[in-house]
Amino acid sequence: MRIFDPHIHMTSRTTDDYQAMYAAGVRALVEPSFWLGQPRTSPASFFDYFDALLGWEPFRAAQYGIAHHCTLALNPKEANDPRCTPVLDALPRYLVKDSVVAVGEIGYDSMTPAEDTALAAQLQLAADHGLPALVHTPHRDKLAGLHRTLDVVRESDLATERVLVDHLNETTVKHAVDSGCWLGFSIYPDTKMDEDRMVAVLRTYGTDRILVNSAADWGRSDPLKTRKVADAMLAAGFGEDDVDKVLWRNPVAFYGLSGRLQLDVPPPQGALHEGNSILRGGE
């Protein structure tokens, strides 16, 4: 079984997670830039973070046979902080990097005017750079947030078929299906969706344009939830081709819109990243 996790925050995870993910079948992932759990205080902290997503994390993932790509953006929560908004002016020099396969996460947190501005600006950046967009739908007032998101998308120069609306659930999926966007579902131990609810959605809406992710981060989360969804699908009577479509071919098709996916991972040859071999005590 091959698995592509299209939304996971490996900066927050250990190398043990990479090892377990590989054993579970994960061979590729996309790491969106996001809020780190406490406020950043300057654009420079974003730039160090972006550099890590472009260098350190792909190096770390490759040690475990996993292809790492990223999406870059000013996230919705920090779009409200004027100390952070200058990041928007610097994004173009990052969006040309080879391993950047979308602009994201963008979207809404509290649905403020500042978030309106950041979302519209970054949808335009995606259109200008020929990239798709990964859009975070809010955790509160989800249906209202989805409608507001789709309104901004339709007003933008980015076609809906180049937009992935993420963190969907049963209250928002029908409206997202009708929008023409790609559909993302985050599977969590306690919140968002679980694997049995995900299987029920797949039974109702089919497998077209649906991506399943773990969204694993610094909170209680599980980087193996993609594999657990695959196992639940098989147990519910879905075929191996259905599993491969949802867990591999769909994310490849969406992020492939960037023209930048590189799914072959060269074997590590004892290389260093900025002097770090990953091995504690190693040369």
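**Exercise 1. Place R148 in this predicted model: at 29% relative accessibility, is R148 buried, exposed or partly exposed? Then describe its surroundings.**

Step 1. Start with the accessibility. Buried would need a value under 20% and exposed a value over 50%, so R148, at 29%, counts as partly exposed.

Step 2. Now find the element. R148 is part of helix 6.

Step 3. Look at the neighbours, leaving aside residues up to four places away in sequence. R148 touches Y108, M111, T112 and D116.

Step 4. For a sense of scale, pick W56. The C-alpha atoms of R148 and W56 are 36 Å apart in space, and the two residues are 92 apart in sequence.

**Exercise 2. Which residues of helix 5 and helix 6 meet, and how do the two helices cross?**

Step 1. A pair of packed helices is described by the angle between the axes and the distance between them.

Step 2. Take these two values for helix 5 (residues 113–129) and helix 6 (residues 142–155): their axes come within 10 Å and cross at roughly 40°. That makes helix 5 oblique to helix 6.

Step 3. Add the hand. Helix 5 and helix 6 make a right-handed crossing.

Step 4. List the residues. From helix 5 come D116, L119, A120 and L123, and they meet R148, V152 and V153 of helix 6. Sorted by type, the residues of this contact are five nonpolar, no polar and two charged.

Step 5. Tie this back to the first exercise. R148 is on the helix 6 side of the contact, and D116 is among the residues that R148 touches.

**Exercise 3. Repeat the analysis for helix 8 and helix 9: at what angle do they pack, and how far apart are their axes?**

Step 1. The axes of helix 8 (residues 195–205) and helix 9 are 9 Å apart, and the packing angle is about 55°. Helix 8 is therefore oblique to helix 9.

Step 2. Check the hand: the crossing of helix 8 over helix 9 is right-handed.

Step 3. Name the partners. Helix 8 contributes E195, M198, V199 and L202, while helix 9 brings K225, K228, V229, A232 and M233. The residues of this contact comprise six nonpolar, no polar and three charged.

**Exercise 4. What joins R227 and D231, and how are they placed within helix 9?**

Step 1. Opposite charges on side chains can pair when the charged atoms come close.

Step 2. Apply this to the pair. R227 and D231 form a salt bridge, at 3.0 Å from N to O.

Step 3. Place both in helix 9 (residues 225–235). They are four residues apart, so about one helical turn separates them.

Step 4. Finish with accessibility. R227 is partly exposed at 27%, and D231 is partly exposed at 35%.

**Exercise 5. How many salt bridges does the structure hold, and which residues are joined with D244 into one network?**

Step 1. Begin with the total, which is 15 salt bridges.

Step 2. Follow D244 to R2. The closest N and O atoms of this salt bridge are 2.7 Å apart. D244 lies in helix 10 (residues 240–255) and R2 in the segment before strand 1 (3–5), so the bridge ties together parts 242 residues apart in sequence.

Step 3. Compare the accessibilities. D244 is buried at 16%, whereas R2 is partly exposed at 37%.

Step 4. Look for another partner. D244 also forms a salt bridge with R249, with the closest N and O atoms 2.9 Å apart. Salt bridges with shared partners join R2, D241, D244 and R249 into one network.

Conventions
Residues are numbered from 1 along each chain as its sequence is written. This is a predicted model: local features need pLDDT of at least 70, side-chain atom pairs count only at pLDDT 80 or more; totals for chains, interfaces and linings use all residues. Side-chain values use heavy atoms; hydrogens and water are left out. A salt bridge is a side-chain nitrogen of Lys or Arg within 4 Å of a carboxyl oxygen of Asp or Glu. Buried means under 20% relative accessible area, exposed over 50%, partly exposed in between (1.4 Å probe, protein chains only). Axes are lines fitted to C-alpha atoms, for helices over the stretch in contact, and angles run from 0 to 180 degrees between N-to-C directions. Angles under 35 degrees count as roughly parallel, over 145 as roughly antiparallel, 65 to 115 as roughly perpendicular and the rest as oblique. A crossing is left-handed if the near helix is turned anticlockwise from the far one by less than a right angle, and right-handed if clockwise. Contact means heavy atoms within 4.5 Å. Ala, Val, Leu, Ile, Met, Phe, Trp, Tyr, Cys and Pro count as nonpolar, Asp, Glu, Lys and Arg as charged, and the others, Gly among them, as polar.
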